[in-house]
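Biologist: I would like to learn how to read a model like this one, starting from its interior and moving outwards. Could you take me through it step by step?

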Amino acid sequence: MKRLAAYIIMILLPMTLSAEGKGSSEKRLTFGAEWGYVFTFFSGYHNNFFSPDGWRVDERDSGMCHFSNAEINVHIGYNLSDKWNLSAYAGCSAIQDAGFCLPVSIRATRFYKADPQGDRWLTFIDLGSGISLKKHPQEILAGKLGGGYRISLSERTKLDFLASVRMNYTHKDIIFENSKIGFDRINRNNVYGCALSIGVSISF
């Protein structure tokens, strides 16, 4: 998590300084907010732990499921060209039934029309990490691949309608015989899921 945050700062700081040096007419620096709905349709887990009685337990399963979650992010980025944008995202999200997390990611967006003032299609790839809001924070990994359509509301304001498929890897509390397994008794706690998401983003 700390390493990812350092990478984001290293990438965006020179871009920000460059944008300031060129002047606001370049419209290189971007920022905004995004809201999304996430529907998880497939998930699996693999748990290995010691029960309250001292026995080693190994559990695993996978299959179709249905979890509905919401997420909200703010973002800041840089227009590398008329067709490419690189942005850092951070916010709050729920992951299946594993609780809330604070995700941080980097997204590369490609636009399919050279005119930045016109409406145009887009695709993106988003990779990141995060921290779950638990007594024992655990890292979360996520990747998204998607696309959408951008509507130019004004010279500076853009509205994006987005859709994506994503993979999440996280952890959740292990309950065994009505008892919560302590963090120090867990050898493996892997939870993964595949999801579809739709969202709306506004950028300035």
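**Reading the core and the strands**

Modeller: Let us begin inside this predicted model, where the largest nonpolar core consists of 5 residues, namely Phe-49, Val-57, Ile-174, Phe-176 and Ile-181.

Biologist: Which residues is Ile-181 in contact with, leaving aside its neighbours within four places in sequence?

Modeller: Ile-181 touches Phe-49, Phe-50, Ser-51, Pro-52, Ile-174, Phe-176 and Ile-186, and among these Phe-49, Ile-174 and Phe-176 belong to the largest nonpolar core together with Ile-181 itself.

Biologist: What pattern does the protein follow along the sequence?

Modeller: The pattern reads α-β-β-β-β-β-β-β-β-β-β, which amounts to 1 helix and 10 strands.

Biologist: How should I read the pairing of strand 6 with strand 7?

Modeller: In a regular strand the side chains alternate between the two faces of the sheet. Here strand 6 (residues 139–152) pairs with strand 5 (residues 120–132) in the antiparallel sense over 12 bridges, and Thr-123 has Gly-147 in strand 6 as its bridge partner. Strand 6 also pairs with strand 7 (residues 158–170), again antiparallel and over 12 bridges, with Ser-164 in strand 7 as the bridge partner of Gly-146, while a hairpin of 5 residues joins strand 6 to strand 7.

Biologist: Where does pLDDT stay under 50?

Modeller: That applies to residues 15–26, for which the model has 9 contacts beyond four places in sequence; for the protein as a whole, pLDDT averages 86, and 84% of the residues score at least 70.

Definitions and conventions
Residues numbered from 1 in each chain as written. Predicted model: local features only at pLDDT ≥ 70, side-chain atom pairs only at ≥ 80, totals over all residues. Heavy atoms only, no water. Pairing = 2+ DSSP bridges. Helix = DSSP H or I, 4+ residues; strand = E, 2+ residues; numbered from the N terminus. Core = buried A, V, L, I, M, F, W, Y, C linked by side-chain atoms within 4.5 Å. Buried < 20%, exposed > 50% of the residue type's maximum accessible area, 1.4 Å probe, protein only. Contact = heavy atoms within 4.5 Å. pLDDT = per-residue confidence, 0-100.
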